[in-house]
Amino acid sequence: MLGGAAALLGLAAGSAQAAQVSFATHCVPPAGIDPVDGTTKVEITAPATAKVGDTVNVVWKFVQAASKNPDIIDLPANSVQPSGTLKAAGAQTADIAMQGPRENPAIPKGGDMVLSDMKGTLKLTTAGEVTLTPDAYTVNAMSTDTKCTPKETVQKAATIEVAPGDGGTASATPTDTSSATPTDTPSATDSASASASASASDGTGDGQTDFTGKEVDIPYTCQSPIGEKKATSPIQINAKKDGGSYGLTVQFKKSVMDSPADIPAGSVKPSMEVVLGGADKGTVHVEGPTNSKAIKSGDPIEIPDLTGTYKPGASGSSTLSPGVLTINALGTTTTCKPDSTAVSLTLDTTQQASGASGGTSTSGGTSSSSSSSGGLAETGSSDHGALKALGLVAGTAVLLGAAVFTFMPGRRTR
């Protein structure tokens with residue numbers, strides 16, 4: 001078994017080791033379902049030895065999940081996906097983002113949850129003993145999340161003896177967890193992002209130009225012309241360095257709902273204000289193209305990649321987090337404000353002239369017209385414009401405005 005695990009790791013590191021730990025766990029299912037207290041049993045596989053500069057693969061195997069499938073619905077095959085955090089401590093500390101593919105057998109009501117193996121990677125930066133300990137994890141099933149956290153101090157599950165070698169920067173780096181299925185076909189970019197840590201791709205001047213952010217779940221409250229809607233979306237921010245600036249790409253990892261009606265081409269346009277933190281301040285405007293093709297009734301509505309340019313206004317460690325999302329559709333505006341946000345990407349930046357610090361960087365394009373109250377977009381003279389907008393709202397836009405941010409279970413195929 002150990003030999004097979006070592007072959008799986010495929011790294012210039014020592015033989016793999018596998019150790020199992022159990023810990024009391026508190027799980028909070030979606031609203032309407034009572035919390036569950038149970039026991040999680042986990043097996044962690046990692047190299048026994050390595051050297052500074054190595055990037056090591058780590059595997060988290062669920063021997064037993066703390067909660068079962070509630071007595072509500074049978075879960076179909078390939079509908080459940082786990083993600084979580086593995087804590088590295090000792091010679092270096094890091095939160096290693098772990099994620100498994102959406103692979104599972106059909107799980108009946110009340111049945112044991114069968115979760116796929118999660119994988120992640122860690123770049124070793126300091127000689128000494130590095131311990132690995134399981135932490136919180138999330139089970140996504142049918143577009144709902146059950147969040148499980150330890151109720152006690154968890155014992156370490158593995159130890160890596162790190163010998164001196166080339167230096168590096170402590171960060172969890174991407175790993176490929178793709179395992180394509182008919183209902184879940186992540187792209188290479190999606191797979192790579194699954195194992196990025198909160199400090200993913202820190203850009204330390206080592207010649208790196210592409211930086212992959214961590215996928216973070218952002219809860220939004222969306223105000224549309226006909227009311228309020230809440231939804232959570234997994235979002236990832238990636239960057240490509242160009243001189244002193246960075247080209248940003250914001251990716252939404254889930255498709256929106258099926259279109260309730262035929263929507264003509266060029267009628268849906270999204271944009272976002274990426275929030276800067278750490279050394280830098282302000283926002284960066286990113287936007288996506290309008291839908292190039294008409295969307296037929298019943299076809300999925302997707303938010304395309306949003307792009308823009310970030311010119312740093314400060315030197316140091318700068319963070320990028322998803323911010324306000326605006327969707328202009330058929331003459332109406334839906335504004336989605338995050339109830340809370342999380343850092344997707346951290347960059348080591350160098351101040352540029354006329355950079356973002358202390359203000360707003362809008363080099364991603366001209367900010368689209370929006371209303372913070374979610375009202376109608378400007379459409380012309382007050383009387384004619386309002387009548388035109390109301391006419392649109394009375395049709396397709398009424399349905400679209402309320403539901404454009406409601407997500408389907410499947411990931412988008414890129």
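**Close-up 1. Lys51 and Asp54 pair up in a salt bridge.** In this predicted model, the N-to-O distance between the two side chains comes out at 3.1 Å. The partners don't sit in matching surroundings: Lys51 is partly exposed, at 38% relative accessibility, whereas Asp54 has a relative accessible area of just 11% and counts as buried. The cut-off for buried is under 20%, so Asp54 falls on that side of it. This pair belongs to a set of eight salt bridges that turn up when the whole structure is searched.

**Close-up 2. Lys109 reaches Asp74 from another loop.** Here the closest N and O atoms of the salt bridge are 3.6 Å apart. Lys109 comes from the loop between β6 (94–99) and β7 (118–123), and Asp74 from the loop between β4 (55–64) and β5 (80–90), so the contact ties together parts that lie 35 residues apart in sequence. As for solvent, Lys109 is partly exposed at 42% relative accessibility, and Asp74 is partly exposed with a value of 42% too.

**Close-up 3. Lys87 meets Asp95 in a salt bridge.** The side chains come together at 3.0 Å, N to O. That fits a simple picture: side chains of opposite charge can pair when their charged atoms come close. Are the two partners buried or exposed? Somewhere in between: Lys87 is partly exposed, with a relative accessible area of 32%, and Asp95 is partly exposed as well, at 38%.

Conventions:
Residues are numbered from 1 along each chain as its sequence is written. This is a predicted model: local features need pLDDT of at least 70, side-chain atom pairs count only at pLDDT 80 or more; totals for chains, interfaces and linings use all residues. Side-chain values use heavy atoms; hydrogens and water are left out. A salt bridge is a side-chain nitrogen of Lys or Arg within 4 Å of a carboxyl oxygen of Asp or Glu. Buried means under 20% relative accessible area, exposed over 50%, partly exposed in between (1.4 Å probe, protein chains only). Helices (H or I, at least four residues) and strands (E, at least two) are DSSP runs, numbered from the N terminus.
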